Amino acid sequence: MGQPESRDIRESEQSGLPPGQRMQRGWPVTHYGPVPKFRAERWEFRVFGATADGEKHCWNHEEFSALPFATIVADLHCVTKFSMLGAEWGGVPARTIVELAPPAPSVTHVMVWAEYGYSANLRLADFLSDRTIFATHKDGELLTAEHGFPLRLVVPHLYAWKGPKWVRGVEYMTTDRRGFWEERGYHNLGDPWREQRYSYQEQPGDGPEL
């Protein structure tokens, strides 16, 4: 039974679309709850939890905007089955944040926190991917408020819910803990190439018990 699944994954990768996805022209707006109002003087990005030095690290909007800027070209795969291919994302690589605020050696996962208490959990290895980026721009333009301005996480190799809009911080964790959608029936890992959409598909070891 395993071989046909592997063949489907390879064929989907060659076509540029994970299994069950369709190509989307344009960028639909999808989110839960209202669009927050951005106030630069109140905005702060925090790294906290199990940091290597035991301290919380903070950047205001001006300081965060001055961090090294990078771009990647990457796809975005939404669990609602649309995929947007070949977008250029600009912002601060997640690795840069980890270098500036290192985690303790025991850290295995992160929780990415956004406005209104929204959260998404990631394995540290996924967060450390050289293609994971805190995006401020798409295709050379600032993100709109509806699409996450001033900051959204993009994790191209996972479903898009793993990259929250309106990000405000990162918590380093020594054990896994489910985020907002993961507590509400979404898969704890969210790999689109394996079509890990829902928690009932999880295998032993994929995540903490619901």
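Me: Which element gives the largest share of the lining of the second largest pocket?
Reply: Helix 2 does, with three residues in this predicted model.

Me: What makes this a pocket rather than a cavity?
Reply: A cavity is a place where a 1.4 Å probe fits but cannot get out, whereas a pocket is an open set of points with protein on both sides within 12 Å along at least five of seven lines. The second largest pocket comes to about 190 Å³. Its lining counts 14 residues, and those closest to its centre are His 61, Ser 65, Thr 136, His 137 and Leu 142. Helix 2 (61-65), strand 5 (82-93) and strand 8 (133-138) each give two or more residues to that lining.

Me: What is the lining of the second largest pocket like by class?
Reply: Nine residues are nonpolar and five are polar, with no charged ones. His is outside both the nonpolar and the charged list, so it goes down as polar.

Me: How many spaces count as cavities, and what is the cut-off?
Reply: Three, with the bar set at 30 Å³ or more. The largest cavity holds about 70 Å³ and the second largest about 50 Å³.

Me: What makes a residue part of the lining of the largest cavity?
Reply: An atom within 4 Å of a grid point is what it takes, and 13 residues line this cavity. Nearest its centre are Leu 76, Val 154, Val 155, Leu 158 and Ala 160. Strand 4 (70-77) and strand 10 (152-154) are the elements giving two or more residues. By class, that lining splits into eight nonpolar, two polar and three charged residues.

Me: Why are two of the residues around the second largest cavity called charged?
Reply: Its lining is Pro 36, Lys 37, Phe 38, Trp 43, Glu 115, Phe 149, Pro 150 and Trp 166. Lys and Glu are on the charged list, while Pro, Phe and Trp are nonpolar, so the tally is six nonpolar, no polar and two charged.

Me: How do you know which strands pair with strand 2?
Reply: Pairing takes at least two bridges. Strand 2 (residues 44-49) and strand 11 (residues 167-173) have four, in the parallel sense, and one of the partnerships is Phe 48 with Glu 171. Four bridges also join strand 2 to strand 3, this time antiparallel, with Glu 44 partnered by Asn 60. Both counts meet the cut-off, so both are pairs.

Me: Why are strand 3 and strand 7 called edges?
Reply: The sheet is open and mixed, with five strands in the order 3-2-11-6-7. Strand 3 (57-60) and strand 7 (119-123) each have a single partner strand, so one side of each lacks a neighbour in the sheet. Across this sheet, neighbouring strands are turned by 15° against each other on average, direction ignored.

Me: What is the predictor's confidence like, and where is the pLDDT below 50?
Reply: Mean pLDDT is 91, and 91% of the residues reach 70 or more. Residues 1-15 are where the pLDDT is below 50, and beyond near neighbours in sequence that stretch has seven contacts in the model.

Technical notes
Residues are numbered from 1 along each chain as its sequence is written. This is a predicted model: local features need pLDDT of at least 70, side-chain atom pairs count only at pLDDT 80 or more; totals for chains, interfaces and linings use all residues. Side-chain values use heavy atoms; hydrogens and water are left out. Axes are lines fitted to C-alpha atoms, for helices over the stretch in contact, and angles run from 0 to 180 degrees between N-to-C directions. On a 1 Å grid over the protein atoms alone, a cavity is a set of points where a 1.4 Å probe fits but cannot get out, and a pocket is an open set with protein on both sides within 12 Å along at least five of seven lines; lining residues have an atom within 4 Å of a point. Grid points are joined across faces, edges and corners, and a volume is the space filled by probe spheres set on the points. pLDDT is the predictor's confidence in each residue, from 0 to 100. Contact means heavy atoms within 4.5 Å.
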